[in-house]
Amino acid sequence: KRYLRIKELYAYRLQVGLKTKRHYHLMTKNEKKWAENYELLKEYIAEHRQLPDKKKVEHRSLLNWWKYNRKLIRQGKLDEMRTELLMELGNSRINHR
């Protein structure tokens, strides 16, 4: 029961942190950083409809963050909530290759 409660609290924190900045202080440092990178990548994809170009230095860190999280998903190390968020984000882009 305790694990489920912690998982629910974590999911709540992540949702609140992504939707509003009002309860942002409830998140840990790592949760905040992950949420910030997620929001930056989400905004980039909404504007450009694709992942950042690896040849452009100014957005390369976002691409690396995406790749690292995809690696964690394949290894089964990323939690379910973050995996779902990233899958939604990945499905929202259009591949122009």
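Where is the place of N37? N37 sits in helix 2. The close-up views below start from the whole chain and return to N37 along the way. The model shown is predicted.

**Figure 1. The protein chain is built from four helices and zero strands.** Read along the sequence, the pattern is α-α-α-α. The chain has 97 residues, and 33% of them are buried. Take the contacts between residues at least 6 apart in sequence: 47% of these join residues at least 24 apart.

**Figure 2. Helix 2 has 20 residues.** From its first C-alpha to its last, helix 2 reaches 29 Å. That is close to the 28 Å expected at 1.5 Å a residue. The buried residues of helix 2 are E31, W34, A35, N37, Y38, E39, L41, Y44 and I45. Helix 2 is followed by R49. The phi of R49 is positive, near 60 degrees.

**Figure 3. N37 of helix 2 touches L62 and W65.** This list does not count residues up to four places away in sequence. Is N37 buried or exposed? N37 is buried, because its relative accessible area is 15% and the cut-off for buried is under 20%. N37 and S61 are 24 residues apart in sequence. In space, their C-alpha atoms are 9.3 Å apart.

**Figure 4. Helix 3 has buried residues that are covered by parts including helix 2 and helix 4.** Helix 3 has 16 residues. It reaches 23 Å from its first C-alpha to its last, close to the 22 Å expected at 1.5 Å a residue. L62, L63, W65, W66, N69 and L72 are buried in helix 3. Just after helix 3 comes G76. G76 takes a positive phi of about 75 degrees.

**Figure 5. The largest nonpolar core has 15 residues.** Which residues have the most contacts inside this core? They are Y38, L41 and L86. Helix 2, helix 3 and helix 4 each supply at least two residues of the core. Look at L86, which is buried in helix 4. L86 touches W34, Y38, W65, W66, N69, I73 and L78, not counting residues up to four places away in sequence. Of these partners, W34 and Y38 are among the buried residues of helix 2. W65, W66 and N69 are among the buried residues of helix 3.

**Figure 6. Helix 4 has buried residues on one side and exposed residues on the other.** Helix 4 covers residues 80-91, which makes 12 residues. It reaches 16 Å from its first C-alpha to its last, close to the 16 Å expected at 1.5 Å a residue. R82, T83, L85, L86, L89 and G90 are buried in helix 4. Why do they lie on the same side of helix 4? They cover an arc of only 165 degrees around the axis, and this puts them on the same side. An α-helix has 3.6 residues a turn, so residues three or four places apart point the same way. On the other side of helix 4, E88 and N91 are exposed.

**Figure 7. D79 makes contacts at the start of helix 4.** A side-chain oxygen of D79 reaches to within 3.2 Å of the backbone nitrogen of M81. D79 also forms a salt bridge with R82. The closest N and O atoms of this pair are 3.9 Å apart. How many salt bridges are counted? The count comes to one salt bridge. The two partners differ in exposure: D79 is partly exposed, because its relative accessibility is 29%, and R82 is buried, because its relative accessibility is 12%.

**Figure 8. T83 of helix 4 reaches a backbone oxygen of L78.** The side chain of T83 comes to 3.4 Å from the backbone oxygen of L78. T83 touches I73 and L78, not counting residues up to four places away in sequence. T83 counts as buried, because its relative accessibility is 19% and the cut-off is under 20%.

**Figure 9. G90 of helix 4 is shown with I45.** G90 counts as buried, because its relative accessibility is 17%. I45 is one of the buried residues of helix 2. G90 and I45 are 45 residues apart in sequence. In space, they are 8.9 Å apart, C-alpha to C-alpha.

Conventions
Residues numbered from 1 in each chain as written. Predicted model: local features only at pLDDT ≥ 70, side-chain atom pairs only at ≥ 80, totals over all residues. Heavy atoms only, no water. Salt bridge = Lys/Arg side-chain N within 4 Å of Asp/Glu carboxyl O. Buried < 20%, exposed > 50% of the residue type's maximum accessible area, 1.4 Å probe, protein only. Expected span 1.5 Å × (residues − 1). Arc of directions from axis to C-beta. Polar contact = N/O pair within 3.5 Å; in protein donor to acceptor, adjacent residues only side chain to side chain. Core = buried A, V, L, I, M, F, W, Y, C linked by side-chain atoms within 4.5 Å. Contact = heavy atoms within 4.5 Å.
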